[in-house]
Each structure stands twice: as structure tokens, then as C-alpha cells.
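User: I'm new to reading protein models and would like a close look at one part of this one. Could you pick out a single helix, walk me through it, and then show me the surroundings?

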Amino acid sequence: MTSTPRTDPLQGVPAHRVPVVGDPAPSPVGRIRLAGFVLFTALGADAWQSLLGWPAFIVLVTALSVASGVVLVRTVRARAVPWMRYSKPLAALLVLSAASIAWSQYTGATALGATAELMTAVAGVFVAITLSWFEILRALGTALRWLLGLSIVFELFTALFVQGDLRALWLFSGGRGVPDDYQWSTSSLLVGGPIQGIVGNRNLLAFLVLLALIVFAIEWVEKTRRPVSSAVWIALALLEHGLTRSATVLMATIAVGFVLVVALLIRRVPIQRRLIVYPFGIAGVLILAVLSIRLADAFFPLIGRSDNLTGRLAIWDTVIDLAWQHPWGGWGWISYWAPWVEPFKNLIVQDGTVYLQAHNAWIDIFLQLGVVGLFVFGCLIAATTVRSWWMAVDPPPPVVGAPTPFQAISLLPLLLLTALVIQSLTESRLLIEGNFLLLVLLATKVKLDPLPLGPSPRALR
């Protein structure tokens, strides 16, 4: 299917002369299914780890990475996308992570971490290059429906038949047994939660629910699913959101809603007047952040959480002090903290639980890659944010001289990225597994195909 020629804002030439990823023809069903399973596996990694254990999980991830890489190589050869159209900050982050082996304080662990990061990046680039935006929406929606559906079924099963704590079938704990914080399920569904789902953590499940609400709402507006089906899944997502009782994700949900409102308002403002409006949006974000911090003391205890973000402030202080010992290049890339190497062995222990992350992606980057890594990571987030914002608010190019209406799917990158960045302030998940895959996907896709998007496929299901 060929589209009407349009101007590419990155290259300044007609877009029909530039390969627009996913635009010429729909991807085969097999690619969408592979992408959906890749997303399901990455976003639900903790479920696989609890069910199969790390050895089997590593085999599964390796197989999916190889399959993704094979399809990716074939696609790149066929479409000959210029290298200049890939995300340079993303490439710089991957190179820096691998290069840190040279100065790492734990060379073997850095090699493992860099390999895992590269495998995740390959999977993310595969999804971005081989699928169009609507196909990404479909694959992501399928993965999230399976994750949310299996989570509620799992919690119902444990509530009815286990009626108590259910430990993971396999968990690497160094022979210490399963800490209280790592119960797979507490069988709390029928008493109103908090539930943890198949991922075994209320904050992780709540974040998946937030991603699902974004995706399901866009599917509803774009009519890529039947209205009744969309309504049922949105209702289930809202139910699970409430049952998780996750304070941090509730704040992220409010932030995503605020960004959505600002983007919709900006769409109505002529481009030449937007510089007047932007300061009010920035002020709103700052006010929201200040209120969140000031109200935390009063709000968090109401939903059973401590007023210091569940011990995160103490974790941050410890990690920052450690990071200043190697401020420029960091201690070396590691992604997950390896509990068998120094300085991570028993670095953070709270209530008998050994923590393997800084609970803040930015502090973790500072620890692992220093100021240089923090700058590169900041450039990656900034570049992806700017391109996502342009895609969300800039008017689509006219077709045959007629104005083209905005499409809901053009908001997808901005809203997903907002959720990822907000969560990165209280979790380090943005650096690993499904969240890093989504970041790679978005950074790659908004650079390659930043223009809205053509007619929505009305394949109602």
C-alpha cells in the first residue's frame, strides 16, 4: 500500500524517497505474533522467573533474541534504512555500557549485563523496525491482555485454593529461603488486595495496568477492537489498578493524565502561539511534582505505604555515596545488581530482603556509568521525549490538500514514555527487561517513523 507523498521533518525531503518503517505493507501475522510474545515475555519476565527459574528463563530469552535478530537482519537488508535514522543516544548508551568492561570493578558481571542489555535492545529494535505503529499497538495490546488476564485468574486461583502465601516455584535467593517481600501471591484478591499478579509484585502489576489503560484506550478510540471488548478490558484494568494499591503507580497515572490533557489542549493552539502556552504546562508539571512530595506524608499511610517511599530514601543515600567513589565512568555496567559480587553483596538489606536495584533508574545509571552515562541516558530520554511530543501535537500533513484529523495513536509514544520516565524515579526497571525494551522501541520508532500514520485499520475483533 503506497501513501500520499509527504515531507519528512527529519530529512527535509519527500517521505516517499525515505523508507518509512512499517508503512509500505502490513507485516506478516507471524511477525506480529512473535513481537507479541517478545513483549509478553519481557514485560512479564518476573512471572517466567518465578515459574521456570533463571536457567530456563535465560534459554527462553536467548531463543527469542536470536529469532528477533534473524528477522531484524532480514528486514534491514530488504529495506536499507539509512543508519543516520537510528537513535544515536541509544547507540551511545549501548556502546558505553559494553565499553565499561574496560574499567569495571566486576568485569565478568559487566560482560553479562552488557550482553543482556544488547539482547533486549535487539528485541526492541526488531519490534520497532518490522511493525507499523498500528501493528505495535496490536502486539502490545495482546501481550498486556494476556498479562492482566492471567494475573486475575492466578490471583483468583490462589484465593480459592491456596488461601495463604504462595512462594515462587523457583527463586535465586542464595540458600536463604524466600523473603516475605518475594511471595508470588498472598491470596488477597477476595479481601480487596493488594494483589501481585503473575509478576509477583504489586508495583510491577500496577505499572502493567497503567500501560494497558493507555493501550486499551487508544484501541477504543481508533476502533481497532470492538467497543464491548475494549470496555471489558478497560474495566478489568481499572479493577486491577485499584486492587494493587500501588501509591507510586497511582502518582504515575495522575502524571500520564496530566500530560494527556496538556497535549490535547496544545493540539488546539496554533503553532505560532504555543510558546505562550508551554510555560504553563511546565509550571503544572513542577507543581504536580511538589504536591506529590509534600502530600506523601499524609497520603501514603492511607493506602498502607510508609511516608518515605518504602525505604527508598535510605537506599538512594547509600547508592549515591557509593557512586561518588567512581563519579565519571561509574563502577561498570551491570543492570540487575549481581548479589555475588562486591559492592552489591548485602549492599541494601531491609527486613531480611536483599535489594538488587537502586529503586531509581537515574541514580542507578550514575552508580554504574557515572556522570558520562547519566548525560548519555539523559540525552536518550530527552530526544525521545521531544520526538514523541512532536508526534503527539503537530498537525498531520494534509492529504490531497485536505486537512487530516489528529489520530489517537499519535499519543501512544508520549503517554508510554511518560509512564516509563515517572516510574524511573522510584524503580530502576527502565534499565532492564520489558521497560528497557519499550524505551528502545520508542526511541527507535519515533526517529524512523515520526509522522502520523495513515488510516486506522478497522479490523474489529
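Analyst: Let's start with the whole chain. Of its 461 residues, 53% count as buried. This is a predicted model, and its secondary structure comes to 14 helices and four strands. Contacts often join distant parts of the sequence: among those with a separation of 6 or more, 77% are between residues 24 or more positions apart.

Now for the close look, at helix α12. This helix covers residues 361-393, which is 33 residues. A straight helix at 1.5 Å a residue would reach 48 Å, yet the end C-alpha atoms of α12 are only 28 Å apart. Look along the helix and you'll find a kink of about 130°, centred on Leu-369.

What caps the N-terminal end of α12? That's Asn-360, with a side-chain oxygen 2.9 Å from the backbone nitrogen of Trp-362. Keep Trp-362 in mind, as it helps us place another residue of the helix. Gly-378 also sits in α12, and although Gly-378 and Trp-362 are 16 residues apart along the chain, their C-alpha atoms are separated by 8.6 Å. Is Gly-378 buried, exposed or partly exposed? Its relative accessible area is 23%, so Gly-378 is partly exposed; to count as buried, a residue has to be under 20%.

Next, the surroundings. The largest nonpolar core has 108 residues, and Leu-144 and Leu-412 have the most contacts inside it. Helix α7 (residues 202-222) gives this core its largest share, 14 residues. Apart from that core lies another one of 20 residues, including Leu-322, Ala-323, Tyr-355 and Ile-363. If you'd like to explore the contacts of Leu-144, skip its neighbours within four places in sequence and you'll find Leu-43, Leu-208, Leu-211, Ala-212, Val-215 and Phe-216. As a general point, nonpolar side chains tend to be buried together in soluble globular proteins.

Finally, how far can you trust the picture? The mean pLDDT of the chain is 84, and 83% of the residues reach 70 or more. Among the elements, helix α4 (residues 88-99) has the highest mean pLDDT, 97, while helix α10 (residues 274-299) has the lowest, 69. Go easy on residues 1-26, where pLDDT stays under 50, even though the model has 56 contacts beyond four places in sequence for them. Where pLDDT is low, the predicted coordinates shouldn't be read in detail.

Conventions:
Residues are numbered from 1 along each chain as its sequence is written. This is a predicted model: local features need pLDDT of at least 70, side-chain atom pairs count only at pLDDT 80 or more; totals for chains, interfaces and linings use all residues. Side-chain values use heavy atoms; hydrogens and water are left out. pLDDT is the predictor's confidence in each residue, from 0 to 100. Helices (H or I, at least four residues) and strands (E, at least two) are DSSP runs, numbered from the N terminus. Contact means heavy atoms within 4.5 Å. A nonpolar core is a set of buried Ala, Val, Leu, Ile, Met, Phe, Trp, Tyr and Cys residues joined through side-chain atoms within 4.5 Å. Buried means under 20% relative accessible area, exposed over 50%, partly exposed in between (1.4 Å probe, protein chains only). The expected span of a helix is 1.5 Å times one less than its number of residues. The bend at a residue is the angle between axes fitted to the seven residues ending there and the seven starting there. A polar contact is a pair of N or O atoms within 3.5 Å; within protein, one must be able to donate a hydrogen and the other to accept it, and residues adjacent in sequence count only if both atoms are side-chain atoms.
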